[in-house]
Amino acid sequence: MNGITLDALETRVPEERERDLLARLPGLVARAKEAPGWARILDGVDPAAITSRAALAALPITRKSDLKALQAALPPFGGLNATPIDALAHVFMSPGPIFDPEGRGADWWRFARPLYAAGVRPGGLLQNCFSYHFTPAAFMVESGAARIGCGVIPAGTGQTEMQVEAMAALKPSTYVGTPSFLRIIIDKARETGADISSLRNAMLGAEALPESLRTWFRQNGVPNVIQTYASADIGSIAYETANDGVLDPGMVLDEEVLLEIVRPGSGEPVAPGDIGEVVVTLFNADYPLIRFATGDLSALLLDPVPGPRTNSRIKGWLGRADQTTKVRAMFVHPSQVQNIVRRHPEIGKARLVVSGQMANDVMTLHCEVAGSPAPALAAAIGASIREVTKLRGEVAFVAPGTLLDDGKLIEDARDYT
């Protein structure tokens with residue numbers, strides 16, 4: 001550790017990082033294919049040929065939303081684990097249920113980096129208010145703190161008065177948990193007159209953090225507040241950083257993550273800077289993930305950010321990519337909209353708008369088409385809508401550049417009142 005970043009990996013020349021990740025891809029794919037689930041998904045793939053982002057983009061997407069079905073077919077992990085269950089450190093169960101493994105390696109979830117960015121240092125003390133019950137969030141923090149050499153108060157969730165009592169007595173410098181619970185703790189400390197002024201740092205996650213709430217924390221004694229972006233299957237994906245006390249734009253990617261932003265409903269990468277679905281390839285020997293679609297929307301930042309960390313950055317969490325909508329008792333999926341668009345090369349971009357009132361739905365596919373489209377094109381697109389979705393839909397043509405570039409393929413504009 002050099003005092004600014006956790007290690008030298010974070011300060012590499014970007015081209016060096018890219019070369020390293022791409023050079024490791026064949027080994028990762030080969031390791032994944034040792035697991036029965038990945039062997040099926042990657043059937044026919046030659047690991048030695050996966051040496052570029054273009055080659056990676058040709059591999060199939062595996063969606064987080066598929067995990068429950070995959071795990072039911074081949075329990076407990078859908079055959080995606082390359083390390084057998086008896087060699088793991090923990091097995092977690094998230095709602096669904098979805099089962100997630102944890103291997104025995106140090107800082108397995110790669111949480112030391114966001115903790116370090118939040119101000120955690122060797123010899124410090126943090127209060128871990130993520131849940132220790134079934135889900136891995138608290139254990140992600142534990143492993144990261146152990147790598148840094150910081151002590152942990154295993155506080156978990158709830159019991160606000162005890163949380164305040166622990167902070168006042170043990171004087172941790174850092175809170176880790178959800179933003180809403182930190183506000184509850186601070187309000188309780190003010191109500192009881194407890195001194196928790198030792199708390200100067202906060203690493204927050206699992207909920208949205210409005211800028212108004214971040215400002216409130218600063219005004220109430222916690223000046224250093226960052227967000228982390230993580231999931232129970234991946235661990236750390238990206239996290240905020242600060243430079244000379246000023247929050248940097250976006251979130252910097254973890255060093256073990258190769259990230260793609262793809263068009264929702266497909267595996268096709270979007271143009272740099274466009275909003276799309278976050279897809280992660282994770283270099284983890286126990287639980288390798290190849291083109292794992294998170295269901296979250298984000299976008300890459302195009303401008304470099306001053307400071308020591310040189311990895312790419314994303315804009316943060318911008319919503320959910322899964323825009324599945326129920327229309328007249330039938331589910332309509334973003335992948336179906338993408339399927340319709342592929343059938344008609346005249347369409348540059350499309351958005352399916354569901355309007356009207358519940359039980360009286362109107363489906364209209366708004367299509368960006370250059371020039372003056374022939375009436376036959378509208379009829380052909382209408383036929384595709386019916387064939388793909390099993391529902392009747394209208395077609396509306398708009399000029400290129402008309403539709404919002406927000407990653408949405410389906411917009412629910414119905415009146416629910």
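This passage describes the main sheet, its neighbouring helices and several local features of a predicted model.

The sheet is considered as a whole before its parts. Eight strands form an open sheet. Their order is 5-4-6-7-8-9-12-16, and the pairing is mixed. Strand 5 and strand 16 (313-314) lie at the edges, each pairing on one side only. Helix 7 packs on this sheet. The helix touches strand 4, strand 5 and strand 6. The direction of helix 7 makes about 180° with that of strand 4.

Strands of a sheet pair through backbone hydrogen bonds, and the pairing is either parallel or antiparallel. Strand 6 (residues 174-177) shows the parallel kind with strand 4 and also with strand 7. Strand 4 spans residues 125-128. Three bridges join strand 4 to strand 6. At this junction, Gln 127 stands opposite Tyr 175 of strand 6. Strand 7 covers residues 201-204, and four bridges link it to strand 6. Thr 174 has Asn 201 of strand 7 as its bridge partner. Gly 177 is partnered with Leu 204, also in strand 7.

The side chains and residues of strand 6 alternate in direction. Thr 174 and Val 176 point one way, whereas Tyr 175 and Gly 177 point the other way. All four residues named here are buried. Tyr 175 thus combines a buried position with a place opposite Gln 127. The path onward from strand 6 includes helix 8 (residues 179-192). Together, strand 6, helix 8 and strand 7 make a β-α-β unit, and the unit is right-handed.

Backbone geometry draws attention to three loop positions. The peptide bond joining Pro 75 and Pro 76 is cis, with omega of about -5°. Pro 76 is found in the loop between helix 4 (67-73) and strand 2 (90-94). Phe 134 is not a glycine, yet its phi is positive, at about 75°. Phe 134 belongs to the loop that runs between strand 4 and helix 6 (137-148). Its relative accessible area is 48%, so Phe 134 is partly exposed. Gln 159 also has a positive phi, near 55°, and is a residue other than glycine. Gln 159 lies in the loop between strand 5 (151-154) and helix 7 (160-170). Because its relative accessibility is 56%, Gln 159 counts as exposed; the cut-off for that class is over 50%.

A further site involves helix 10 (residues 334-343), where Arg 342 is placed. With a relative accessible area of 47%, Arg 342 is partly exposed. Leaving aside residues up to four places away in sequence, Arg 342 touches Ser 266 and Glu 268. The side chains of Arg 342 and Glu 268 are joined by a polar contact of 3.2 Å.

An annotation from a record covers part of the chain. An unreviewed UniProt entry places the feature "domain: AMP-dependent synthetase/ligase" at residues 139-280. Over this stretch, the chain is 31% helix and 30% strand. The end C-alpha atoms of residues 139-280 are 21 Å apart.

Definitions and conventions. Residues are numbered from 1 along each chain as its sequence is written. This is a predicted model: local features need pLDDT of at least 70, side-chain atom pairs count only at pLDDT 80 or more; totals for chains, interfaces and linings use all residues. Side-chain values use heavy atoms; hydrogens and water are left out. Buried means under 20% relative accessible area, exposed over 50%, partly exposed in between (1.4 Å probe, protein chains only). Helices (H or I, at least four residues) and strands (E, at least two) are DSSP runs, numbered from the N terminus. Two strands pair if DSSP finds at least two bridges between them. A crossover is right-handed if, with the strands pointing away from the viewer, the path from the first strand over the helix to the second runs clockwise. UniProt positions are given in the numbering used here, feature names are shortened, and annotations may be inferred rather than shown by experiment. Contact means heavy atoms within 4.5 Å. Axes are lines fitted to C-alpha atoms, for helices over the stretch in contact, and angles run from 0 to 180 degrees between N-to-C directions. A polar contact is a pair of N or O atoms within 3.5 Å; within protein, one must be able to donate a hydrogen and the other to accept it, and residues adjacent in sequence count only if both atoms are side-chain atoms.
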